[in-house]
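Hi everyone, thanks for coming. Please bring the model up on your screens so that we can walk through it together.

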Amino acid sequence: MRKEKAVSSLLAVCLFATVLVSCTKTGKEQVVREDDPWFDSIRFELDTDQKPTEMMESSIVSYCNGKVYHLYSLTNLADYDDYRRTMLTTYDEHGNELSSIRLEDPVNYVLSSIIAVRPDADGKTLEAAAEVFAPGYFANAICKIDIESGKVTSTKLMEKEPGKPLELSAGGKDVYGVSDVYSAGEYYFPVIYEGSLGGEVKAHIYSFRGAEYITELDLTGVPAVHMLEEFSYDSRSKTVLTIGYTMTDGAVVLEFDPETGKRTGYEKYNVQGDGEVNLAEYRAVTTGELYKIDMLGNITTFDMQTQEEVTVIDNNWYTPYFSDLTEESNLVYCDSSKAVIQSSVEEPYSMFFAGTRETVTILTKADSNPHAGKKVIELATPVDKGMSEYLSNAVYEFNRTDNEYLIRVWSKYKTGIVAGRDLSILNADDEKMYTMIQELKGDEAPDIAIGIQKQYAMRDDIFENLDGYLEQDVLDRQFSNIIEASRFGGKQYFLPVTIEIEGLVTDKSLTGDGVYGITFEDYDRMVNEQLDGFSPYDYPFSECFYKKDFILSCIDVKAAVEGDRVDFGTEQFRAAVEYSNEHFAQDGFTKPADFEWDEETARVRGSCRYDKIGSYIDFIRACKDEDGNYTIIGTPSVDASGPRFRALETISVTSASDVKDGAKKFLNFLFAGAGYSGSSKEFQCIVTNKETMARNMSMITEKNNDAQAGLLEMADYMTGIADDAALYGYKYAGDGLGDSFFDCLSALSRYYYDDPVITAFLTEEIGPYYAGDRSLDDVIKILNDRSEKYIKEM
């Protein structure tokens, strides 16, 4: 799928589903039974032979007869004598590397990348759709790969006409080539995107059987499709289905006859589900059967004969590594006793050369359940996003190592959206969030809840006060200031797991030591006298140089709504609105879909910049220089308040839980950093454990600086690449930056919660003020009334 994502506001919600949980109950307490199904899990990272100056062009995983095959293609921009190479690495089911060989280029062609692959039944060869470099041009081809020798044979170009590459000419000027090749059933579907970013982009889809051209799929009368997902094949109707993204209709389900190209179906796609089966959500694994995996780890298949969904592997039959189940995950293989899942995460260290971190998880059905007799801790998972790697790892390792408890997904909300889906097409549904919160009480309540921060949920009958839950030695290792700031009404209804800091990343030469906030007057003076008139909100690729974004960065929704009555008529709110109206030209209610490169290069990277920092690498990129002395100060305020943070993930214990001792045990495991105690891998989060954070920052610094060394090596071959990287903020990280960031974490004292419903009220009501059609007093009154009504209804 193309990397450009549909742009829209997002909040994901879980689907309502009640699934029978196989376990014994004593009252509410659940215990794992001996005959409960269980799948052993092996998770390992794919190792690559990527050099610092090589770009990863493609990475594909396949599975057959107990072996995992990883094919990846590299381009070395510093060695034109050995410019392209494709590697094949073979692993066994325990993650042990068996061999790693370089593929031998086919006669008359050079392999550029592998786009799709299918193993033959004998497990000796792989059929691949590949991009190859022929003399004078690139083309797509179908070829055979010998797994043992790496020899590539039987290469046939995918052409509409003999001797002509598959490409599209637009008006005799621009020529567009194949961007993606999908496979479903016995067919391949090359896709060409006509147009460019900033203008209309339109997909053209071609149907091939092997390398034999059949037809072009008919998209006439359909809004321009600018992005596609994988294809699936319906063997009953002999049609193929995919999900396409349009600017006018949003996400749509497209169905075609691959033999004639005729479009047989078109409907809007409801990603949140309506109880009906949608074959476009299913993918053919290496066996050709249709399966899907959701973001909570459930694997289902679709029975073509009965036309019913069938659960193959329930997420309570193993421990999902939740952060792997993102839009970049792929179910490679599945049957009733085994599944192979691939996941990839882009590394954030460089524009081109840091590559991706790829993992494979193999699930194998066990003869008996090794957790029999353990007490079950039910976990209510996030309903508006995926789970961080840090929290996922803690759940995974706790289940692997604890001999008393097993964490399972709450049976009442245990079905997620389909993994691999673009979350930006989801819609907010606060009613479902409200319903879920109300169900955190009573006999069917879970034991632990993740990500609940709504004010109306901060009650004794819903959540425990977690004072005393963390053992003293664990508590001593935390940034206690962050935990203390996360109280509601003096009570600790949740603990922050991962956080995001919001403020002005500022060179201390502008403010002096010990300064953590700035008034509107001093901010204006700094901009005009020290920053040469350049706003900290205006920098390359900034999306916040707007009135709306400035206001949202300065106001505190949590403080406005948590008193006896809602009050947006504060001095701070008035000052933020008036300053935004005077100093920002555009309101920001609609923003350009793309950046113009020439305009971005003209924007200044100053010594003070507004940003939201969700990891140490974000802080490195926000700083102007690699060795400066930086701090994070609060956005402009009437009282020079310090920077604020929001909890990206929280954890709470329900008052109704019957396994509070187990919940307490997991909280101590999580906040002790036990999930990462022996790990050599870093994570891209900010957590409250000081020791874990310091260790993680050290690993990030090492990887970041290695990536920058590779970038500088490339600068000898590619003019301007160092300047381009600097525009994005890529740089070495000196020791001073780490010390500065640690000091910032130690000084945080302002927690805020951005209720998306109230934020929507604000953006709706402030527009008429900017247009001159409404007074600020009227805005405040309407905003107070709407927010008050919403809170009372909840």
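I'll start with the whole chain, then go through some sheets, a few single residues and the cores.

One thing to keep in mind throughout: this is a predicted model.

So, the big picture. The chain has 794 residues, and a compact globule with that many would have a radius of gyration near 28 Å; this chain has 27 Å, which agrees. If you draw a box along the principal axes, the C-alpha atoms fill roughly 75 × 70 × 50 Å. Inside that box you'll find 16 helices and 36 strands.

How much of the chain is buried? Buried residues make up 56% of the 794. As for the outside, the accessible surface comes to about 33,100 Å², and carbon and sulfur atoms account for 45% of that. Now take the contacts between residues at least 6 apart in sequence: 66% of them join residues that are at least 24 apart.

Let's move on to sheets. A quick reminder: strands of a sheet pair through backbone hydrogen bonds, and they can do so in a parallel or an antiparallel way.

Please find the open sheet whose four strands come in the order β4-β5-β6-β7, with antiparallel pairing. Why do β4 and β7 each have a side without a neighbour? Strands β4, residues 54-64, and β7, residues 97-102, stand at the edges with a single partner strand each, so one side of each has no neighbour in the sheet. From one strand to the next, the twist averages 15°.

Zoom in on one pair here. Strand β6, residues 84-92, pairs with β7 over five bridges, in the antiparallel sense. One example to look for is Thr 89, whose bridge partner in β7 is Ser 100.

Right beside Thr 89 in the sequence is Thr 90, which also lies in β6. Is Thr 90 buried or exposed? Its relative accessibility is 5%, so Thr 90 counts as buried. Leaving out residues up to four places away in sequence, Thr 90 touches several others, including Lys 67, Val 68, Tyr 69, Leu 98 and Ile 147.

Now contrast that with Asn 65, in the loop between β4 and β5. Asn 65 is exposed, with a relative accessible area of 58%. Asn 65 also has a positive phi of about 50°, although it is not a glycine.

There's another residue to look at in this way, Asp 532. Its place is in the loop between helices α5, residues 520-529, and α6, residues 547-554. Phi of Asp 532 is near 55°, a positive value in a residue other than glycine, and Asp 532 is exposed, with a relative accessible area of 63%.

Back to sheets. Another open sheet of four strands runs in the order β3-β28-β27-β26, with antiparallel pairing. At its edges stand β3, residues 39-45, and β26, residues 329-335; each has a single partner strand, so one side of each is left without a neighbour in the sheet. The twist here averages 15° from one strand to the next. Within this sheet, nine bridges join β27, residues 338-346, to β28, residues 356-365, and Ile 341 has Thr 361 in β28 as its bridge partner.

My next stop is strand β20. Six of its seven residues are buried, so β20 is largely enclosed by the rest of the structure. Which strands does β20 pair with? Seven bridges join it to β19, residues 239-246, in an antiparallel way, with Tyr 245 bridging to Ala 251 in β20. Those two strands form a hairpin with three residues between them.

Strand β20, residues 250-256, is also joined to β21, residues 263-268, by five antiparallel bridges. Here Leu 254 stands opposite Tyr 266, and Glu 255 stands opposite Gly 265. The hairpin of β20 and β21 has six residues between the strands, and in it Gly 261 takes a positive phi near 85°.

Finally, the cores. The largest nonpolar core has 124 residues, and those with the most contacts inside it are Ile 651, Phe 666, Leu 667 and Phe 741. Not counting residues up to four places away in sequence, Ile 651 touches Ile 448, Leu 466, Phe 494 and Leu 670, among others. Apart from that core lies another, of 22 residues, among them Ile 60, Leu 103, Ala 128 and Cys 143.

That's my tour, and thanks for listening!

Terms used:
Residues are numbered from 1 along each chain as its sequence is written. This is a predicted model: local features need pLDDT of at least 70, side-chain atom pairs count only at pLDDT 80 or more; totals for chains, interfaces and linings use all residues. Side-chain values use heavy atoms; hydrogens and water are left out. Two strands pair if DSSP finds at least two bridges between them. Axes are lines fitted to C-alpha atoms, for helices over the stretch in contact, and angles run from 0 to 180 degrees between N-to-C directions. The radius of gyration is taken over C-alpha atoms; the globule rule is 2.2 Å times the number of residues to the power 0.38. Buried means under 20% relative accessible area, exposed over 50%, partly exposed in between (1.4 Å probe, protein chains only). Contact means heavy atoms within 4.5 Å. Accessible areas come from the Shrake-Rupley method with a 1.4 Å probe; for residues, only the protein chains shown count as cover. A nonpolar core is a set of buried Ala, Val, Leu, Ile, Met, Phe, Trp, Tyr and Cys residues joined through side-chain atoms within 4.5 Å.
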